[in-house]
Amino acid sequence: AALREGYEHFDPRAYLRNNYLPPRADFSSEEFVVPWKLRCLAETFASGEIRGRTLIDVGSGPTIYQLLSACDHFEEIVATDYLAVNREELGRWARGEPGAFDWSPFIQHVCKIEGRGEPWQDKQRRLRERLRRILPIDVHRPEPLGAPLRPPADALLSAFCLEAVSPDRAAFVRALAHVGNLLRPGGHALLLGALGESFYLAGPARLPVVPLEESDVREALAAAGFALRELRSYAMPPALRTGVDDVDGVFFAHAQK
Ligand code: SAH
């Protein structure tokens, strides 16, 4: 209940400013956190192993950076979020409306690290074409979308959502199992998330986060029925500890249902 109440005050623009503008979104060096996240995704999708008809992104928030490497490998990308304000922010970007957040530096960076010489506008167009559904979701329900996804997703992505909406580790495991229900057996799951974080800010909202260690991520994936393929982590450098949260680092997990 406290979490739900907190999210009523979530300000998408403040969240974007805190996390997706400099200093965190600084593309001049791979040592910054946003380039690290983009590289994890680019390298994982570069194998060509993770592909199919549908990819679902759980708790997309107001962001699309997490879909930039993914969108080349799926016919449809389904974005989801609990909050209408976030779904509206995403819709503005998908329709190319004025006032939408400018993701072009992210798209340019991903095209650069993917190294195929693709013009960034082509990737932007492809993601907008494939991002056809932006759905409400609640990961605390066994049926997070309110009904089963048919056919189930071929891949599942979730960035900085499950630990940021779960009061404790048990709830994190349950949420992971719930979203796992959206994925077909054998489907790939990619998770990005916070390590050692107890709160983050989004304007007037101060959201509690369950602090996780790498071992918690491993155990939660196993308990929710996933086989771990890869786990990487990043230590937040002092210069990026800006007071918008108390995050120690970031994990990236690739697992299979
Ligand atoms: N994926 C984005 C946003 C993460 S912020 C990124 O990588 O930055 C956490 C998100 O979880 C917010 O957008 C919030 O609206 C969403 N959220 C809050 N409660 C939720 C719930 N019960 N189920 C699913 N998502 C929820």
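The exercises below walk through pockets, cavities, salt bridges and aromatic rings in one structure.

The model is predicted, so local features need pLDDT of at least 70 and side-chain atom pairs count only at pLDDT 80 or more, while totals for chains, interfaces and linings use all residues. Residues are numbered from 1 along each chain as its sequence is written, and side-chain values use heavy atoms, with hydrogens and water left out.

**Exercise 1. Describe the largest pocket and its lining.**

Step 1. On a 1 Å grid over the protein atoms alone, a pocket is an open set of points with protein on both sides within 12 Å along at least five of seven lines, whereas a cavity is a set of points where a 1.4 Å probe fits but cannot get out; lining residues have an atom within 4 Å of a point. A volume is the space filled by probe spheres set on the points, which are joined across faces, edges and corners.

Step 2. The volume of the largest pocket is about 530 Å³. Its lining is made up of 34 residues, and Tyr7, Tyr82, Cys161, Ala164 and Val165 lie nearest the centre. Two or more lining residues come from each of α1 (2-7), α2 (12-20), α7 (162-165) and α8 (169-180), where helices (H or I, at least four residues) and strands (E, at least two) are DSSP runs numbered from the N terminus.

Step 3. Sorted by class, the lining has 22 nonpolar, eight polar and four charged residues; Ala, Val, Leu, Ile, Met, Phe, Trp, Tyr, Cys and Pro count as nonpolar, Asp, Glu, Lys and Arg as charged, and the others, Gly among them, as polar.

**Exercise 2. Find the largest cavity and the residues closest to its centre.**

Step 1. The count comes to one cavity of 30 Å³ or more, and the largest cavity holds about 210 Å³ of space.

Step 2. It is lined by 17 residues, with Asn19, Arg24, Phe160, Glu197 and Asp245 closest to the centre. Elements giving two or more residues to this lining are α2, α3 (33-46) and α7.

Step 3. By class, the cavity lining divides into 11 nonpolar, one polar and five charged residues.

**Exercise 3. Explain which parts the salt bridge of Asp245 and Arg24 ties together.**

Step 1. A salt bridge is a side-chain nitrogen of Lys or Arg within 4 Å of a carboxyl oxygen of Asp or Glu, and the structure holds 23 of them.

Step 2. In the bridge between Asp245 and Arg24, the closest N and O atoms are 2.8 Å apart. Because Asp245 lies in the loop between β8 (227-235) and β9 (249-256) and Arg24 in the loop between α2 and α3, the pair ties together parts 221 residues apart in sequence.

Step 3. Asp245 is buried, at a relative accessible area of 11%, and Arg24 is buried at 3%; buried means under 20%, exposed over 50% and partly exposed in between, with a 1.4 Å probe and protein chains only.

**Exercise 4. Compare the settings of Arg133 and Glu76, whose side chains meet in a salt bridge.**

Step 1. The N to O distance is 2.9 Å, and the pair links Arg133 in strand β3 (residues 131-136) to Glu76 in strand β2 (residues 74-81), 57 residues apart.

Step 2. Arg133 is partly exposed at 31% relative accessibility, whereas Glu76 is buried at 8%.

**Exercise 5. Locate the charge that sits over the ring of Phe199.**

Step 1. A charge sits over a ring if NZ of Lys or CZ of Arg is within 6 Å of the ring centre and within 35 degrees of the ring normal.

Step 2. The charged end of Arg206 is placed over Phe199, 4.1 Å from the ring centre.
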